[in-house]
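Student: Could we go through the charged side-chain contacts of a model together?
Tutor: Certainly; please bring it up.
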Amino acid sequence: MLKVMVVDDALVIRKNLTRFFTSLGHEVVAEAGTGVEAISKIQEIKDIDLITMDVTMPEMDGIEATKQICELNKDVKIVMITSHGQEELVSKALKAGAKNFVLKPITQEKVEQTIGVLFPEFASKEDEDTL
Amino acid sequence: MKNNKFTHSLLEPIVNRTVTFLQEDMIIDVLNKTVDIDEVNDAILKDNTVMIGTGGDIQVILTFGYDQRLIEKLVYVFMDGEIVDEDEKEEIEQSVCCEIANTIIGNSIKNPMGESLISITPPILIKAAKSFTKYKNSTILVSVIKTNFGDLHLSAVGPKELFVDKLDFKEL
């Protein structure tokens, strides 16, 4: 089971991602609505395997938050949640240390596939067949 | 309908993606057999309107205006039927409106001027605005998508030159 933090300023996205991760058998141990809040939580909760990170957020965007989190915790894997039109920002986020990105609309299938790529031990049978 | 290839390049994919998003992702029937794009002098804004700007080669303002009943249906589908707490209802409704506009525009936007990127701003909600009116060289394009749960109004506001058929963008 993965321990996950969901970072997004949109409440509905946080709720949806939490539901997807929970139904896939993983645990959402923290949620954050800004990059600043995400950094605060990663300092409190060391044991996080995966973070989903919105690109554009108030106070501190997802790119700066990714950069700072990667310096604080080299083991955590960060996945950017983004839409087309933000390719340049995603590129910066990947340079900052993010491992992957998911394009909106977010579905449980996309979340499951991304987990399978980053954590092969949690890949679904269907994903394993395609890897 | 006063369209040219640039109008279509910009707004038609957004209209088409909105239709498929409603039908396929939200399982909401679209009642219009065809969705027209019209050029107007004034556009009435709905109470629940989201605005997103584009940047880069093409700078326009796009709006998504939702009927309240449609928002309630979209929230229901987005939340997979989960009951929304009353104290979270307004925030959830606003974030659903913004996320849908952001996702649809992001999914459908293409650059009629070539391969370079068009960026989009974060969505913002417009409160208490009633309408916007064409001024000087601006162009307003509107499209109405009808559903069993009310309408979704799309509009694009930009400089008229953007929509001039013979403009040679490569020289810009």
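Tutor: The turns below concern salt bridges in this predicted model.

Student: How many salt bridges are there over all chains?
Tutor: The structure holds eleven, counted over all chains.

Student: In chain A, which residue does Asp47(A) pair with?
Tutor: Its partner is Lys3(A), with an N to O distance of 3.3 Å. The two come from distant parts of the chain, 44 residues apart: Asp47(A) sits in the loop between helix H2 (35-44) and strand E3 (50-54), and Lys3(A) belongs to strand E1 (residues 3-7).

Student: And what are the accessibilities of that pair?
Tutor: Asp47(A) is partly exposed at 44% relative accessible area. Lys3(A) is also partly exposed, with a value of 26%.

Student: Moving to chain B, what does Asp67(B) bind in a salt bridge?
Tutor: Asp67(B) meets Lys46(B), and their closest N and O atoms are 2.7 Å apart. Asp67(B) lies in the loop between strand E4 (61-66) and helix H2 (68-78), while Lys46(B) lies in the loop between strands E2 (42-44) and E3 (48-56), so the contact ties together parts that are 21 residues apart in sequence.

Student: Is Lys46(B) buried or exposed?
Tutor: Lys46(B) counts as buried, because its relative accessibility is 17% and the cut-off for buried is under 20%. Asp67(B), at 21%, is partly exposed.

Student: What about Arg17(B), which residue is its partner?
Tutor: Arg17(B) forms a salt bridge with Asp25(B), the closest N and O atoms lying 3.7 Å apart. Arg17(B) is buried at 17%, whereas Asp25(B) is partly exposed at 30%.

Key: Residues numbered from 1 in each chain as written. Chains lettered and ligands numbered in written order. Predicted model: local features only at pLDDT ≥ 70, side-chain atom pairs only at ≥ 80, totals over all residues. Heavy atoms only, no water. Salt bridge = Lys/Arg side-chain N within 4 Å of Asp/Glu carboxyl O. Helix = DSSP H or I, 4+ residues; strand = E, 2+ residues; numbered from the N terminus. Buried < 20%, exposed > 50% of the residue type's maximum accessible area, 1.4 Å probe, protein only.
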